[in-house]
Amino acid sequence: MLQNKKIILAITGGIAAYKCAHLVRLLVKQGASVKVVLSASAAQFVTPQTLSVLSKNEVIQDFFDANFNWNNHVHLAEWADLMLVAPLTANSLAKMASGTCDNILLAVYFSMRGKVFVAPAMDLEMYRHATVKENLNKLEALGHYVIPAESGELASGLSGEGRMAEPENIVHFIENNLKQGMPFAGKKVLITAGPTHEAIDPVRFIGNRSSGKMGMALAETLAAQGAEVCVVLGPSVLQSANKNIQIVRVESADEMYAAVMQRYAGQHLVICSAAVADYKPAQVATSKMKKKAETFELALTKNPDILAKLGETKENQFLVGFALETENLLENAGQKLKNKNLDLIVANAANEPGVGFGHDTNAVSVIDQHNNVFKFELKSKADIALELVNLVALKMKVKG
Ligand code: C5P
């Protein structure tokens, strides 16, 4: 959820500021770009040097930096997707709620167009105070999100509500918030991708040129739209840094079949983009086969058709297949949609430049159950994935 998100972390002067070093680290680990704005009193609790090293960005502390360059608060706010004020003291809260703008941190806040999250941190009586409550309500009324303080030991020695939420809980709160309203929030998606390798002996196999790029592009797009994605991936060098993408690596069609069947129940969407070998050697030699006669015959036996099985046993899953064809593209793909009981099929011409296996680009036609055809012209696999996902979202909504 936080991958490539641009975040301003505004730190105001409370003891919980010491936890912000860890908070910055967590945000960066999730793939976010973080710029820290530090109030003068916060700098007494945590050093700008620490925050700068961890965020990999200069820390902003005043309208002018050490070289008298102006820190443009408007540009900073425009840069950010979201702002997090943590810890938020009663003093800064009161200023935010009343429109007081007497430092760079507040100037950035008042310039923000993106979402604003605040994590208050105060002592017991302060956090309970009617004026503080009223100010927090004001921020909520403005559409900001208050990450509730937690209960426990306070710096004063008292015990109760007022501790800044733990950094992990702050990150979790923001991630959940960003997921809401996304088309695939709360949806489970299973994708098959890549080739399969069918062993002949311990060193040889029958394979194909599929790279897995299309399936992984779909996984990234769906995860970015809130889905929890599992990719059953045949032999491929591809990987993902996205926490919402689980990759299950398999070799053969049989392994892919087992991995998919084990996970089928409970999925909302299943996309089979893998290039599964139709046949496998009838017998796998246990030691390396020796070169002997001039000719060599290999007996093959049929692999399970994973997608056909999914179609047969379909409950509520929305099922999408791929069809790679060299001739009669739409006719053959349409036939597969019916035979395999699919909701959509993505037809790929195997013999067009820049299309299909291994390329970074693709061009596809998508057929639905009513024989409507949607054409997506040649573009990057990431862009094709976005168009496909948008179409799937629309169709899933209609199906309910
Ligand atoms: O090979 P075929 O053209 O029938 O592939 C169409 C679709 O079926 C693809 O989505 C592919 O991933 C899937 N398939 C499968 N298991 C197979 C063969 C194909 O899941 N053994």
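Let's start at the ligand. A backbone N or O atom of Ile306 sits 3.0 Å from one of the ligand's nitrogen atoms. Keep in mind that this is a predicted model. Pro304 also brings a backbone N or O atom to a ligand nitrogen, at 2.9 Å. Leu307 does it with an oxygen atom of the ligand: a backbone N or O atom, 3.0 Å away. How much of the ligand does the protein bury? Taken alone, the ligand exposes 440 Å², and 88% of that is buried by the protein.

Now the surroundings. The residues around the ligand include Cys272, Ala274, Val276 and Asp278. Gly321, Phe322, Lys336 and Lys340 are also among them.

Next, the sheet. It is open, with eight strands and mixed pairing. The order is 12-11-8-13-16-17-18-19. Which strands are the edges? Strand 12, residues 245-249, and strand 19, residues 373-380; each pairs on one side only. Neighbouring strands are turned by 20 degrees on average, direction ignored.

Look at strands 13 and 16. Strand 13 covers residues 269-272, and strand 16 covers 318-325. They pair in the parallel sense, over four bridges. Leu269 stands opposite Phe318 of strand 16.

Two helices to point out. Helix 12, residues 329-339, packs on the sheet and touches strands 16, 17, 18 and 19. Its direction makes about 150 degrees with that of strand 17. Helix 10, residues 253-264, lies across strands 8, 11, 12, 13 and 16. Helix 10 runs at about 170 degrees to strand 8.

Last, the overall layout. Domain 1 spans 6-179, and domain 2 spans 188-396. Their C-alpha centres lie 45 Å apart.

Methods. Residues are numbered from 1 along each chain as its sequence is written. This is a predicted model: local features need pLDDT of at least 70, side-chain atom pairs count only at pLDDT 80 or more; totals for chains, interfaces and linings use all residues. Side-chain values use heavy atoms; hydrogens and water are left out. Two strands pair if DSSP finds at least two bridges between them. Axes are lines fitted to C-alpha atoms, for helices over the stretch in contact, and angles run from 0 to 180 degrees between N-to-C directions. Contact means heavy atoms within 4.5 Å. Domain bounds come from an automatic or database domain assignment. A residue is near a molecule or strand if one of its heavy atoms lies within 4 Å of it. A polar contact is a pair of N or O atoms within 3.5 Å; within protein, one must be able to donate a hydrogen and the other to accept it, and residues adjacent in sequence count only if both atoms are side-chain atoms. Accessible areas come from the Shrake-Rupley method with a 1.4 Å probe; for residues, only the protein chains shown count as cover.
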